[in-house]
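Subject: A structure for you to look at

Hi,

Here's the structure I promised to pass on. Have a look at it first, then read on for what turned up.

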Amino acid sequence: MRAHFRARRGSTLVVEGVAQATAAGMNPQLGQKPDQLSPDLSKSMTAETLTAAREGILMAYGVLPSLLNRAATGPVVREAQRQLAI
């Protein structure tokens, strides 16, 4: 290697080590982790999205949201059904 360096006096010489290659992002194994092939549905907020979409559709058609509320009691459901029938 020294013979090649001596023969190239005056030219630009680039010597790159492992540390420089890793810092430059040339290490293909750096930061690798196993890939998830299936989506993580717990992070996609499917329940919240479904609830918001359902409430939006009910409001568009004039249905009171208390009609589909699980905690609604008899008088509230009766009033929501009366409002829907009107």
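Before we start, one definition: a helix here is a DSSP run of H or I that is at least four residues long, and helices are numbered from the N terminus. Also, keep in mind that this is a predicted model.

**The overall picture**

The protein has four helices and zero strands. Walk along the chain from the N terminus and the elements read α-α-α-α. Of its 86 residues, 5% count as buried. The accessible surface adds up to about 8200 Å², and carbon and sulfur atoms account for 58% of that.

**How confident is the predictor?**

The mean pLDDT of the protein is 75, with 58% of the residues scoring at least 70. Which elements have the lowest and the highest mean pLDDT? The lowest belongs to helix α2 (residues 18-23), at 58, while α3 has the highest, at 89.

**A check on helix α3**

Helix α3 covers residues 46-60, so you can test its length yourself. The expected span is 1.5 Å times one less than the number of residues. With 15 residues, α3 should therefore span 21 Å, and its end C-alpha atoms are indeed 21 Å apart, which agrees. After α3 comes glycine 62, and its phi is positive, near 80°.

**The salt bridge**

How many salt bridges does the structure hold? There is one, and the side chains that meet in it are those of arginine 82 and glutamate 79, at 2.3 Å from N to O. To count as a salt bridge, a side-chain nitrogen of Lys or Arg has to be within 4 Å of a carboxyl oxygen of Asp or Glu, so the pair passes that cut-off. The general idea is that side chains of opposite charge can pair when their charged atoms come close. The two side chains are also joined by a polar contact of 2.3 Å.

Where do the two partners sit? Both arginine 82 and glutamate 79 lie in helix α4 (residues 74-85), and they are three residues apart, about one turn of the helix.

Are the partners buried, exposed or in between? Buried means under 20% relative accessible area and exposed means over 50%, with partly exposed in between. Arginine 82 has 44% relative accessibility, so it counts as partly exposed. Glutamate 79 has 38%, so it counts as partly exposed too.

Try finding arginine 82 in helix α4 when you open the model.

Cheers

How values were computed. Residues are numbered from 1 along each chain as its sequence is written. Side-chain values use heavy atoms; hydrogens and water are left out. Helices (H or I, at least four residues) and strands (E, at least two) are DSSP runs, numbered from the N terminus. Buried means under 20% relative accessible area, exposed over 50%, partly exposed in between (1.4 Å probe, protein chains only). Accessible areas come from the Shrake-Rupley method with a 1.4 Å probe; for residues, only the protein chains shown count as cover. pLDDT is the predictor's confidence in each residue, from 0 to 100. A polar contact is a pair of N or O atoms within 3.5 Å; within protein, one must be able to donate a hydrogen and the other to accept it, and residues adjacent in sequence count only if both atoms are side-chain atoms.
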